[in-house]
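Visitor: I would like to learn how to read the aromatic contacts in a model like this one. Please start with the ring pairs.

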Amino acid sequence: MSRYTSRESRMTDNVISRVLVLNTGGTIGMVDNGRGFEPVPGFIDGFLRKLSMFHDTDFYDPVVHGPGLITGVSKFGRRCYFEVVDSDPVLDSSDMNMHDVRSRILPPTTRHHATPL
């Protein structure tokens, strides 16, 4: 049996899903520097923070929610918390190898997996 009895109760439940976005570099995190595109730390977070569909500034409280972004309530009564973590340094994927995958991608995934919201 569902814990929800009506659409209204789902809308007020404010269930929050979590999404970890790892910016290791690559096309989505690149900016044109005049000589071509290069990965830029903070670009993805800054871009998403300006879009109300990804960041509900009326609900967001940095003390409660941390450094990430939080969406408005979806039609399913849920919010989504996004945290964008940049690798140091961010690299173009053509410059990465398996060592980079193990040292840059796996550690932040493990650290954030068990972090409560």
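Guide: This is a predicted model. By the pairing rule, the count comes to 2 aromatic pairs.

Visitor: Which kind of pair do Phe43 and Phe47 form?

Guide: Planes under 30 degrees apart count as stacked. Phe43 and Phe47 have 25 degrees between their planes and 6.1 Å centre to centre, and the pair is stacked. Both residues lie in helix α2, which covers residues 43–49, and they are 4 residues apart, about one turn of the helix.

Visitor: Are Phe43 and Phe47 buried or exposed?

Guide: Neither label applies, because the class in between runs from 20% to 50% relative accessible area. Phe43 is at 30% relative accessibility and therefore counts as partly exposed. Phe47, at 45%, also counts as partly exposed.

Visitor: And how are the planes of Phe54 and Phe82 arranged?

Guide: Planes over 60 degrees apart count as edge-to-face. The planes of Phe54 and Phe82 stand at 75 degrees, so this pair is edge-to-face, with ring centres 5.6 Å apart. The pair links distant parts of the chain: Phe54 is in the loop between α2 and α3 (62–65), Phe82 is in strand β5, and 28 residues separate them.

Visitor: What is the accessibility of Phe54 and of Phe82?

Guide: Phe54 has a relative accessible area of 24%, so Phe54 is partly exposed. Phe82 counts as buried because its relative accessibility is 14%.

Visitor: Which rings have a charged end over them?

Guide: The charged end of Arg49 sits over the ring of Tyr60, at 6.0 Å from the ring centre. For Arg79, the ring is that of Phe59, and the distance to its centre is 3.5 Å.

Visitor: Strand β5 came up earlier. Where does β5 sit in its sheet?

Guide: Strands of a sheet pair through backbone hydrogen bonds, either parallel or antiparallel. Here 3 strands form an open sheet with mixed pairing, in the order β1-β5-β4. The edge strands, β1 (15–23) and β4 (69–70), each pair on one side only. Strand β5 (residues 78–86) runs antiparallel to β4, and 2 bridges join them. Ile70 stands opposite Tyr81 in β5.

Visitor: How many helices and strands does the chain hold?

Guide: The chain has 4 helices and 5 strands, and from the N terminus on they run α-β-β-β-α-α-β-β-α.

Visitor: What share of the chain is buried?

Guide: Of its 117 residues, 30% count as buried. The chain exposes about 7800 Å², of which carbon and sulfur atoms supply 59%.

Notes: Residues numbered from 1 in each chain as written. Predicted model: local features only at pLDDT ≥ 70, side-chain atom pairs only at ≥ 80, totals over all residues. Heavy atoms only, no water. Pairing = 2+ DSSP bridges. Phe/Tyr/Trp six-rings, centres within 6.5 Å; stacked < 30°, edge-to-face > 60°. Buried < 20%, exposed > 50% of the residue type's maximum accessible area, 1.4 Å probe, protein only. Lys NZ or Arg CZ within 6 Å of the ring centre and 35° of its normal. Areas by Shrake-Rupley, 256 points an atom, 1.4 Å probe, with all protein chains shown as cover.
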